[in-house]
Amino acid sequence: MSFRREKYVEFGGPNGGDGGKGGDIIIESIVGLNTLVDYRYSRHFKAKKGQHGMGKNMTGAGGDDIILKVPVGTQVFDVDNDFMIADLAAPGERLVIAKGGGGGLGNTSFKSSTNQAPRRTTPGEPGEEMWLFLRLKLMADAGLVGLPNAGKSTFLSAVSRATPKIADYPFTTIHPQLGVVGVGENEFVLADIPGLIEGASEGIGLGTRFLGHIERCGVILHLIDGTSEDVVADYETVRTELAAYGGGLIEKDTIIGLNKIDSLTDDEREEKLTALRDAAARPVFPLSGVSGDGVRPVLSALWDVVKEDINRRQAIEHPELEGSASRSDEWSPI
Ligand SMILES: Nc1nc2c(ncn2[C@@H]2O[C@H](COP(=O)(O)OP(=O)(O)OP(=O)(O)O)[C@@H](O)[C@H]2O)c(=O)[nH]1
Ligand SMILES: [Mg+2]
């Protein structure tokens with residue numbers, strides 16, 4: 001509240017300006033961040049309050065906003081109600097998640113013909129406050145699935161610079177890993193997730209909680225351990241769990257690879273390939289992540305699908321770039 005006070009001005013009238021608005025809290029997806037680890041240690045964010053209104057009808061400055069930067073692929077849930085507030089699937093998506101309160105009104109705002117010297121003001125409004133739950137869905141172009149020990153992590157380390165842990169016991173991989181696979185001038189992101197076992201969809205083993213990471217992949221690479229007694233049963237087990245999980249995984253384009261052929265005789269290899277082909281009713285790629293045999297054709301097949309997917313997404317997001325993900329004949333050395 002303020003009044004104009006000047007010599008020779010008898011009735012100066014009110015001149016108290018309004019208060020500034022509080023800062024907003026904004027969440028924004030940016031390229032180059034891969035985890036939400038920053039929010040593990042720092043969990044409270046409070047935007048600045050607006051400044052007070054002042055005499056001479058000066059409105060207070062608004063408080064600065066706070067921008068919470070999160071990786072592309074972050075989903076924002078309301079902790080209390082458990083509903084999704086935002087799905088930041090593309091870079092540069094921004095959303096105001098908590099609005100700063102409006103500034104209070106100075107007494108000038110209450111001036112009227114009947115009240116020329118109002119002493120009335122209003123306090124600022126409180127800002128919004130909330131708890132959020134952030135969940136990151138990795139954005140991979142292609143995803144690896146298979147039973148534990150199928151050689152998924154070995155494959156990822158063979159085709160990218162990723163260095164996942166590899167060992168001859170099940171559930172070596174307990175967190176999803178991403179690797180960038182170079183394809184001539186192009187590249188795509190391949191995700192390695194923990195192995196699935198029978199009953200995974202009911203929570204057995206590590207369950208299916210990592211399958212969410214491949215829901216957005218354009219293509220799945222399903223690896224089967226060639227040294228297994230029954231490759232068809234292994235194949236069916238994983239397919240059953242994918243189907244039980246839902247999320248469109250079972251309908252996704254899938255490349256099937258019979259892995260570890262370096263440990264098979266020619267006869268064993270042919271026999272297992274034929275059996276798998278018959279069961280899956282589609283081509284099966286023989287390969288070895290250890291020796292590198294057959295890896296290139298698998299990458300080619302993956303890229304062909306990924307490229308289509310990228311082109312489709314670009315056509316939606318950036319129509320001017322349509323068709324720019326070209327076919328690659330040059331593969332980076334493995
Ligand atoms: N002979 C042979 N062994 C392989 C090949 N690929 C992987 N292995 C071996 O198989 C075992 C399991 O390999 P991983 O790459 O850890 O298997 P994974 O599918 O990632 O297993 P989980 O993370 O437990 O699901 C390790 O002992 C690897 O050395 C291959 O092409 N040939
Ligand atoms: Mg692994």
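Start with S288: an N or O atom in its side chain is 3.2 Å from an oxygen atom of ligand 1. Keep in mind that this is a predicted model. On its own, ligand 1 exposes 650 Å², and the protein buries 88% of that area.

S288 has company. Here are the side chains with a polar atom listed against ligand 1:

| Residue | Atom of ligand 1 | Distance |
|---|---|---|
| S288 | oxygen | 3.2 Å |
| K260 | oxygen | 2.9 Å |
| D262 | nitrogen | 2.7 Å |

So much for single contacts; now the shell. There are 24 residues around ligand 1, and K152, T154, F171, T173 and D262 come nearest. D262 is thus one of the nearest residues and also puts a polar side-chain atom 2.7 Å from a nitrogen of the ligand. By type, the shell splits into eleven polar, nine nonpolar and four charged residues. Helix α2 is the top contributor, giving three residues to the shell.

Helix α2 turns up again at the metal. Which residues coordinate the magnesium ion (ligand 2)? S153 does so through OG and T173 through OG1, at 2.0 to 2.1 Å. These two come from distant parts of the chain, 20 residues apart: S153 sits in α2 (residues 152-159), while T173 is in the loop between α2 and β8 (177-183).

Are S153 and T173 buried or exposed? Both are buried. T173 is worth a second look in the viewer, since this residue coordinates the magnesium ion and is also among the residues that come nearest to ligand 1.

Technical notes:
Residues are numbered from 1 along each chain as its sequence is written. Chains are lettered from A and ligands numbered from 1 in the order in which they are written. This is a predicted model: local features need pLDDT of at least 70, side-chain atom pairs count only at pLDDT 80 or more; totals for chains, interfaces and linings use all residues. Side-chain values use heavy atoms; hydrogens and water are left out. Donors are N, O and S atoms within 2.8 Å of the metal (3.2 Å for Na, K and Ca); water is not among the atoms, so sites may look incomplete. Helices (H or I, at least four residues) and strands (E, at least two) are DSSP runs, numbered from the N terminus. Buried means under 20% relative accessible area, exposed over 50%, partly exposed in between (1.4 Å probe, protein chains only). A residue is near a molecule or strand if one of its heavy atoms lies within 4 Å of it. A polar contact is a pair of N or O atoms within 3.5 Å; within protein, one must be able to donate a hydrogen and the other to accept it, and residues adjacent in sequence count only if both atoms are side-chain atoms. Accessible areas come from the Shrake-Rupley method with a 1.4 Å probe; for residues, only the protein chains shown count as cover. Ala, Val, Leu, Ile, Met, Phe, Trp, Tyr, Cys and Pro count as nonpolar, Asp, Glu, Lys and Arg as charged, and the others, Gly among them, as polar.
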